[in-house]
Amino acid sequence: MDGVTRVACVWVESFAAAAVARAEPALREIPLAIVTGTPPARRVVDANAAARDASVREDMGEAEAVARCPALVRRGASDDIVASARRALLDACYGLSPRIEDSGPGLVFVDIAGLERLLGADDVIAHQLARAARSVGLPARVAVAGTRTAARVAVRRATRPSVIPPGAEAATLASVEVSALDWPPGVAEALARWGIASLGEIAALSRAALAARLGAAGLAAHDVASGRDVTPFQPWTPPPFWEEAQALDWEIDTLPALEAVLERVLERLTARLVAAHLAADGLQLRVALASGGHHVRALTLACPMDEPRPMLTLLAHELAARPPETAVIGVALQAHAVPRRAVPGVLGRSSAPAVRDLATVLARLVALVGAENVGAIAPADSHHPDAFATTMLRVDAEADAEDAGRDDDVLAFRRLRPPRVIDVETDATGRPAVVHGALSAVARVCDCAGPWHVSGDWWDRDRWAREEWDVALDDRTVVRLARDLLRGEWLLDAVYD
Amino acid sequence: MTQTSWLQRGRITEIVGPLSSGRTSLLLAALRAVTAAAGAAALIDADATLDPACATRAGVALDRVLWVRCGGRREAAVAALDLLVRCPGFALVALDAGETPPRLSLAQAFRLRQAARRADVAVVLVGRHRVAGAGAALAVRTRRQELAWAGPRRRPTRLIGMRTAVQVIRKQGAPSTDREEHWWTA
């Protein structure tokens, strides 16, 4: 007895085809077949509902399938796409219940015991599960019953979310036709030979007699017909990394085309994260190359994000800076997931840029002017007149107490970087008298104050020593001149403004 | 009118004037007002002329200012301005276009004005000449009035400060007659 009293079965029919349609949403409404093998011996391994309506079946030759349905779209089987879709379905269910069981591609059991207080009645939970699966691009059927077996049988007939009331499993399953289920080889034929058409008739048979005639398959058939679980519930634990992958049928050798693929992959990945109430604070992009190698890029996000657009922008800039060496044949995107935090806004305070917006803008600015030219700064621990250090941009809304009330009206400098070398004529006392090549070709000094001797780093190779003058020129500019005492040249250092 | 009462979020303000007329001092006053209120500011510096020590003395919280240096590339400065104005959350986005400011077309200026309004950000354009034309809600011209020196008249020992006049040359919806003076301490 594993303690599960109410369980929902989430099942996606024709899962391989549904996984491909998830990656290419345009294929959802048109006949689609998944094929494997090498031409001309390619065979259909899965088909969506539209293709089955056109008599396309599994294990059918590709040529025959196309003959039956000329509009049939074929796609090769892709383990990456199926694995991503399988994880997506698990993630969607995990967002509603912490106890789920992975029973294979497209089949998930969800322990919903105790969720009624949080989410509502069984039918509400069933609808929410169907909605969660749809949010990650998978059309799922959902049935709720007292056992996994009963729910699994019921979900085959459930065109909309359905619920078997507690205790009514046997009565509900009794009317299910034997032909509605898949049976091991030999069992269906034997049951037909015995004239047994419904699960209720199987359940009425003696287990010992069934075991004697059909062996273990007979016992399993009796368990299914009785709606009995014989294996314990095996909870699924999500791994710390969330991955979404897409193999390509064609080679991509341009960044815009690669970005288009990444956008779709990111949309699927973020939909999964959102369904599980998570966000990503790091991404790892693994690009499969036509040369057989891999191109791996890691990206640390400035803040946890769950929106595809800013992430795509950051990835695009990363790829533009370091593009793959050869054509791309597949992409896999792995997100490091963290819980989302709700940050309440505070009325009456200055707004600050959202970190995700800021990260996007910073990435674009870096692409525009270079990383060394963007950022916040702080005074450096140096006496050099143009010393500063880079620092993190503060975007919190907490006012600095030490700055409150300051009202210094300081005459600003406009610093020339690098300082401009000029010619200066001095008078008999050594004070600047005429300046050549500053802001105008020739300018006479009206007033000047100085010199102030400053020096530093004398212990190092980058030692400096200079004398500075504040000078008012007759071209109506006020400048700071500096005489480099080591090189003996005059510099236009800054302009007062 | 205080030194920064002219700053309006969602509007474009232009400060024009020659060198040594006090236009950069006025910009630093605006940055100080924004950062003192814990707001985020961005300064696009076309010629990388900001002096961090001077800005710190003026009371600007430099760690709240995103400083973008464009190395003299005016088109990059305009592109950076366009990016930052569209990023909601900044209280002030300033472009110091230097001595050869670019001239925005009428369509560009109005798009900039629209973006500033949407993001609710105060845009300040500083340069020798006007940049945004009719897109600006307020334009002021700075002019040096007086320099003050310490020490003997013939051999001063120190520059004390500068008095500048600020003349409103365009004010949307009002006659442009305001004029005031500022004193800046060196």
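**Exercise 1. Strand pairing.** Find the bridge partner of Ala33(A) in strand 3 of chain A, then describe the pairing and the turn.

Solution.
1. Ala33(A) has Ala47(A) of strand 3 of chain A as its bridge partner. This model is predicted.
2. Strand 2 of chain A covers residues 32–36 and strand 3 of chain A covers residues 43–47; the two pair over four bridges, in the antiparallel sense.
3. Together strand 2 and strand 3 of chain A form a hairpin, with six residues between them.
4. In the turn, Gly37(A) has a positive phi of about 100°.

**Exercise 2. Helix packing.** Determine how helix 4 and helix 6 of chain A are oriented to each other, and list the residues in contact.

Solution.
1. Helix 4 of chain A spans residues 79–94 and helix 6 of chain A spans residues 122–135.
2. The axes of these helices lie 9 Å apart, at an angle of about 140°.
3. An angle counts as roughly antiparallel over 145 degrees, so helix 4 and helix 6 of chain A are oblique to each other.
4. The crossing of helix 4 of chain A with helix 6 of chain A is right-handed.
5. Helix 4 of chain A contributes Leu89(A), Ala92(A) and Cys93(A) to the contact, and helix 6 of chain A contributes Leu129(A), Ala132(A), Ala133(A) and Ser135(A).
6. Sorted by type, the residues of this contact are six nonpolar, one polar and no charged.

**Exercise 3. The whole chain.** Summarise the secondary structure, burial and contacts of chain A.

Solution.
1. Chain A has 15 helices and 20 strands.
2. Its 497 residues include 41% that count as buried.
3. Taking contacts between residues at least 6 apart in sequence, 59% join residues at least 24 apart.

Methods:
Residues numbered from 1 in each chain as written. Chains lettered and ligands numbered in written order. Predicted model: local features only at pLDDT ≥ 70, side-chain atom pairs only at ≥ 80, totals over all residues. Axes fitted to C-alpha atoms, helices over the stretch in contact; angles between N-to-C directions. Parallel < 35°, antiparallel > 145°, perpendicular 65-115°, else oblique. Left-handed = near helix turned anticlockwise from the far one by under 90°. Contact = placed C-beta atoms within 7 Å. Nonpolar A, V, L, I, M, F, W, Y, C, P; charged D, E, K, R; others polar. Pairing = 2+ DSSP bridges. Buried ≥ 20, exposed ≤ 12 C-beta atoms within 10 Å, placed from the backbone.
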